[in-house]
Amino acid sequence: MSEVIGNHIIHKYLRHNKKFPHVLCPGCGHGIALGALIRSVHCLGLEKDDVVIVAGIGCSGRLAVYVDFNTVHTTHGRALTFATGIKMAKPHLKVICLMGDGDALSIGGNHLIHAARRNIGITALVLNNNIYGMTGGQCSPTTPHGSFSMTSPYGQLEKGFDVAELARAAGANFVARGTSFHAQQLDKLLIQALQHPGFSMVEVVSPCHTQYGRKNKFKGAVDMYKWLKKSATPVERYAELDETGQKDRFPIGVFVDNDAPGLEEQYYALKEKMRGRKS
Amino acid sequence: MAKEKGNSKVTIYPDWCKGCGICVAFCPAKVIELDGQGKARVVREEDCIHCGFCELHCPDFAIVVTEIERCPK
Amino acid sequence: MAAGRKKKRKELFALGNEAVVEGALLAGCSFYGGYPITPSSEIMEVMAQRLPKNDNGVFLQMEDEIASMGAVIGASLAGCKAMTATSGPGFSLMQEHLGYACMVEAPLVLVNVMRGGPSTGLPTSPAQGDVQQARWGTHGDHSMIVLSASNVQECLEMTITAFNMAEKYRTPVVLLLDEITAHTREKITIPREDEYEVFNRVVPTMPPEWYKPFEETVRGVPPMPPIGSGYRFHVTGLTHDPNGFPTSRPEEVADLMERMFRKIDQFLPQVSLYEEYLCADADVCVVAYGSVARSAEYAVEQARERGVKAGLLKLKTLFPYPRAATEKVMGHARALVVPEMNMGQISREVKRVNNGRATVRALNRVDGQIITPSEILKAIMQV
C-alpha cells in the first residue's frame, strides 16, 4: 500500500463531457471529499456501472454530475429515500449518498435517522460545512453556537447537531468523521464505510470559506484548513483530554463499527426462505 | 510515502486551478507558489519529496505528481 | 391445459383497495413504498403480504409520504414498476416528488383514495376534493395523467391501465379513487392472461456511449434503462439537456418542456378514457366519475323511465380532460349535469370546453356524504 492514487486516476472517473473546473468555490473542501470517494471506489475495485451516487441539493449535490457513475441528483434532503428505493430494488449496487449538513440534518433529518434505524445498505457522506452555501450563507443545523451567518447576524443562539452522535443514536452500523484536510484518513474511513454491511455514515468536515469562513474570522480558505489541522483530533486522543483540552477541538475517526446485516440482506433472505417454503 | 528529492514531476493544470492556495500553504518543501494571476505554479520541482499532499488536497483535481521516468541504466 | 379449453376466470369478493393490488400485480408491479393512511391502508397491507412472495417484489414501509415517493422513484429508476397509495394529507406531501417524477420522467403509479378535506378533514368519509390538486398540485408547469375508477372491477382495470400509461409515456400517473369505491366490497373477475395488455418499459438497445437519456424520439418518450445496466447517465430535477446535464439555455429548456407536454398531448385519443351510457340521443347528459357515476347511472335509468332522454358520460380519465368526448355529447344535449363530491372541480372543466350551447349545472356536495341517485334525478328533471 501507501502508493499515492493520484489525480491521474481520478481523472479517469470524471465525466469528460462536463466542464471543469467544477462550480464550487476556490478552496471548497467538497472537491477533496469527492477525490477521496473516487479513490476509495478505485481501491475497492468497484465497477463504474455498479456504483450509484445519489445526491441531495446544495453545494454537495452539485458533485454528482461530475463523476462517471450512475448519478441521481434528487430533491433537497431526500437523497436517502431515493437511495433506499434503489438499494432495495437492486441490492448488488453500491449506493452512496452525498449530502450536505442542511440537506441531511435539517430538511432531511427524518430520512437520515430512519435510514440509520432500518440499517439500509447505503453509505452516506455528510459534507458538513456548517452553513447553507449555495443559497448564500444562512445558518444550518450544524452552525456552531455563537457563530455568524446571514440569518444569524448577531450570533447563532441555537446549538448545532453532533452528526456522528445523532447517527450513532439512530442505530447506524458504521459511523465515522473525517475532514477535508485529512484526505488520506478520509480514504481509509470511506473504504471501511463502503465495505460495511448496513447503513454507514461518514461525516466530512469540509470548510466553506466563501459563506462561513468570511463571516467568522477566517481570512482565507487556507486558514480554515489550518484550523482543521489544529482542532481535529483522533478520537482516541480526544477521549484522553480533559474538558479544557477538548474545548475548541473535535474528534475524528471511527465512532461506531458494527456488523448487523443490512435491511436489503434481511429482506432478500426472507424472500428466499418463503420461496423454499412454497416449493 | 515520502521519497528522495529530485525524482518527482509536478504537473499543474492552470485551466483547472482556482488559486485557493492550499497546495502552496501546506507543501512541506515549498515547491509551489502562486503566480501573478493567482494560479499555482511549480517553482522548485527538484525539492519535491513526493508526499502527495498537494495532489490529494487539490479541490479541483488540477495537480498530478508523478515519478520522473528515466531510461533504465 | 387441454387444447381449446380456456382457463376459468378467477372470481374474488374484494374491496376496491384490494382490487387495486390485484390490478397492480397483473400489470407487473414489483415495488411498493408507502406510508399508512386511512382510507387507503388496505392497499399497503395487502401489498405487504403479496410482494415478498413475488419473484422480484419489494415492499417497504417508509417514514412518511415524501420518503415513500422518493423510494418509489428510486425503484422506478432501478427498473421496477413501482407504486404507492395514499389519501389527501399524504397526497399533499407527495406533491414534491410527483413533480420530480415528471421532471426525470420516472414511470410510477400513485393511488390517492380521496377523503374529506382540507387538512385532516374527514378521514373516513368520501370526497372528490383532490381532483384539481392531482392535476396542478406540484409546482411548475407540467403534464399529468389522472385516472379514476367508479367500481371495484374498474379499480383493478384502471390500475393496470395506470401502469401501462406510466410505462408507455414515462410519466407518473395518478389514480383517484374515493372512499366509497375503495371500501366497497363486491364480486370482481380477474381477467385471464390473454384478456388484458401489459406494456413494458422501452429500454435502449444502442451501445451505451451513444445513449442520450432525454433525447427527442418519434413518440417524444426516450428509452429508459434501469440503473446498473451499463448505461451510466445523470438524472436531475434541474432542467436538463438531452444528456441529462443541467442547463438554463432557453432553447434547451424549451425543447425539454415542450417535449414533456407533447409526449402526452399527441396521444390524447389513447389517453382519454370514458364510457358513454345512453348518450347517443340524450337531451340531458350527466358527466360523472368515481362512485358518483354509479349513482348517476341509476338516476339516468330512472329519468328515462319518466320520459326524459338522459345519458351518462362516465369519465375514466380526468386529465388530460377528455374534451372531445364532452364536446360530442354537447353536440346534442341541451343540458349537462355534473355531480361531484366537491365544490365543482370537474364542472369547471366542463364549463371550460362548453361552447355556450349547453347549460352546465353543477351538483355539489361537500358534507362527507355520497351523492344519491335521487339528488341527481332531481337535477336532471329540473334542467
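**Entry 1: which chains touch**

I began with the pairs of chains. Two pairs of chains touch, and the most contacts are between chains A and C. I note at the outset that this is a predicted model. I then looked for a link between chain B and chain C and found that no contact joins them. The closest C-alpha atoms of chain B and chain C lie 19 Å apart.

**Entry 2: chain B against chain A**

I next examined where chain B meets chain A. How many residues does the contact take from each chain? I recorded 24 residues from chain B and 31 residues from chain A. The size of an interface is often given as the accessible area lost when the parts come together. For chain B and chain A, I noted a buried area of about 2300 Å². Carbon and sulfur atoms give 72% of that area. On the side of chain B, I saw that Lys18(B), Leu56(B) and Phe61(B) lose the most area to chain A. Together these three residues make up 32% of what the chain B side buries.

**Entry 3: polar pairs and elements at this interface**

I checked for charged pairs between chain B and chain A, and the rule finds zero salt bridges across their interface. For polar contact, the rule finds nine residue pairs across the interface of chain B and chain A, with both residues at pLDDT 80 or more. I then asked which elements of chain B give two or more residues to the side that touches chain A. They are helix 1 (22-26), helix 2 (53-57) and strand 4 (63-67) of chain B. Helix 2 of chain B supplies the largest share, four residues. By class, I listed 16 nonpolar, four polar and four charged residues on this side of chain B.

**Entry 4: chain C as a whole**

I turned to chain C, in which I find 13 helices and 16 strands. The radius of gyration of chain C is 21 Å, close to the 21 Å that the globule rule gives for 383 residues, so chain C is as compact as a globular protein of that length. Along its principal axes, the C-alpha trace of chain C spans about 70 × 55 × 50 Å. I noted that 60% of the 383 residues of chain C count as buried. Among the contacts in chain C with a separation of 6 or more, 77% are between residues 24 or more positions apart.

**Entry 5: helix 2 of chain C**

Last, I inspected helix 2 of chain C, residues 41-50. Which of its residues are buried? I listed Ser41(C), Ile43(C), Met44(C), Val46(C) and Met47(C). What covers these buried residues includes helix 1 (16-27) of chain C. The cover also includes strand 2 (31-34), strand 3 (58-61), strand 4 (82-86) and strand 5 (108-116) of chain C.

Notes. Residues numbered from 1 in each chain as written. Chains lettered and ligands numbered in written order. Predicted model: local features only at pLDDT ≥ 70, side-chain atom pairs only at ≥ 80, totals over all residues. Heavy atoms only, no water. Buried < 20%, exposed > 50% of the residue type's maximum accessible area, 1.4 Å probe, protein only. Contact = heavy atoms within 4.5 Å. Buried area = accessible area lost by both parts, 1.4 Å probe. Salt bridge = Lys/Arg side-chain N within 4 Å of Asp/Glu carboxyl O. Polar contact = N/O pair within 3.5 Å; in protein donor to acceptor, adjacent residues only side chain to side chain. Nonpolar A, V, L, I, M, F, W, Y, C, P; charged D, E, K, R; others polar. Rg over C-alpha atoms; globule rule 2.2 N^0.38 Å.
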